[in-house]
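Colleague: Could you take me through the main pocket in this one, and then through whatever sits around it? I'd like a close look at a single part rather than a tour.

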Amino acid sequence: MTTANLDSLLEKVRSLETKGDLAGAVNALQGAPEPMKDRGLWNYARGSLAFRQGDLDSAQKFIEKAIEAEPEIAEYRSNLGAVLLERARKGDAEAGPKALEVMKAAMRWGATLPDTYVNYGLALLLAGRNEEALKACDDALALDGGHVTARYNRAAALNALGRFDEALTTLDAVLKAQPAHAQALASKKRLLEKLGRA
């Protein structure tokens, strides 16, 4: 199976996903020839779709297979870290530390996308390593100054460090970019209440 064939399939999958047809995107991937399903990129794409569908078990399984096939790609590990962070948010106590280990490995492979730094920063934040989390968010913003999630997580790190005015300024920047950002609105309200400025 050629790279061109896989690229063509992934283009079709992206098109279906963009139209909101996640089930169609999954079906297109599942219809691939069996040899293609051993490729890291196919498993990464399949795991990413499962994650968007909220199927964390399948997402983890496919992304782990992608890493096994192509361990040098930092972004595969970043998506596995995102799955584990979601598990941690849902109460899985073991998932947070595992996410941090996965994200450390991703960083060792030379991350190039801001989302990898964002996931690393969140894993660090969950581990209480707030200064390092702030740096990871700043690294993400150095790659993409408009990355809203990086800026929101930066505000969380600043808040955890007790740098409340800077956190408020950062939340205001998030809300300027996305005025309806529910998490930023709630965080700003809580922070203002904590400071007695509500």
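**The largest pocket and its surroundings**

Modeller: Sure. The largest pocket has 44 residues in its lining, and those nearest its centre are Ala82, Arg89, Val118, Asn119 and Thr149. Keep in mind that this is a predicted model. Two or more lining residues come from each of helix 1 (3-18), helix 3 (40-52), helix 5 (74-89), helix 7 (114-126), helix 9 (148-160), helix 10 (164-177) and helix 11 (182-194). Helix 7 has the largest share of the lining, at 8 residues. The volume of the pocket comes out at about 1100 Å³. By chemistry, the lining splits into 22 nonpolar residues, 13 polar ones and 9 charged ones.

Now for the packing. The largest nonpolar core has 45 residues, and the members touching the most others are Leu80, Tyr120, Leu124, Leu171 and Ala184. Two or more residues of this core come from each of helix 4 (56-69), helix 5, helix 6 (95-108), helix 7, helix 8 (130-143), helix 9, helix 10 and helix 11. The top contributor is helix 7, with 7 residues. So helix 7 turns up twice: it gives the largest share of the pocket lining and it gives the most to this core. As a rule, nonpolar side chains in soluble globular proteins tend to be buried together.

Take Leu80 for a local view. Beyond its neighbours within four places in sequence, Leu80 is in contact with Gln60, Ile63, Glu64, Ile67 and Val102. There is also another core, lying apart from the largest one, with 15 residues that include Leu9, Leu10, Leu16 and Leu49.

Next to Leu80 in the numbering is Gly81, which is in helix 5. Gly81 counts as buried because its relative accessibility is 0%. Its contacts, not counting residues up to four places away in sequence, are Ala99, Val102 and Met103. Those three are all on the list of buried residues of helix 6, which reads Ala95, Gly96, Ala99, Leu100, Val102, Met103, Ala105, Ala106 and Met107. Helix 5 and helix 7 are among what covers those buried residues. In geometry, helix 6 spans 20 Å from first C-alpha to last over 14 residues, close to the expected 20 Å at 1.5 Å a residue. Just after helix 6 comes Gly110, with a positive phi of about 85°.

Helix 3 is the other one to look at, as one of the helices that line the pocket. It has 13 residues and reaches 18 Å from its first C-alpha to its last, close to the 18 Å expected at 1.5 Å a residue. Its buried residues are Gly40, Trp42, Asn43, Ala45, Arg46, Gly47, Ser48, Leu49 and Ala50, and Leu49 is also among the members of the 15-residue core. The cover over the buried residues of helix 3 includes helix 1, helix 2 (22-30), helix 4 and helix 5. Tyr44 is in helix 3 too, and it touches Ala66, Glu75, Tyr76 and Asn79, leaving out residues up to four places away in sequence. Tyr44 and Thr112 are 68 residues apart in sequence, with 17 Å between their C-alpha atoms. After helix 3 comes Gly54, whose phi is positive, near 85°.

How values were computed: Residues are numbered from 1 along each chain as its sequence is written. This is a predicted model: local features need pLDDT of at least 70, side-chain atom pairs count only at pLDDT 80 or more; totals for chains, interfaces and linings use all residues. Side-chain values use heavy atoms; hydrogens and water are left out. On a 1 Å grid over the protein atoms alone, a cavity is a set of points where a 1.4 Å probe fits but cannot get out, and a pocket is an open set with protein on both sides within 12 Å along at least five of seven lines; lining residues have an atom within 4 Å of a point. Grid points are joined across faces, edges and corners, and a volume is the space filled by probe spheres set on the points. Helices (H or I, at least four residues) and strands (E, at least two) are DSSP runs, numbered from the N terminus. Ala, Val, Leu, Ile, Met, Phe, Trp, Tyr, Cys and Pro count as nonpolar, Asp, Glu, Lys and Arg as charged, and the others, Gly among them, as polar. Contact means heavy atoms within 4.5 Å. A nonpolar core is a set of buried Ala, Val, Leu, Ile, Met, Phe, Trp, Tyr and Cys residues joined through side-chain atoms within 4.5 Å. Buried means under 20% relative accessible area, exposed over 50%, partly exposed in between (1.4 Å probe, protein chains only). The expected span of a helix is 1.5 Å times one less than its number of residues.
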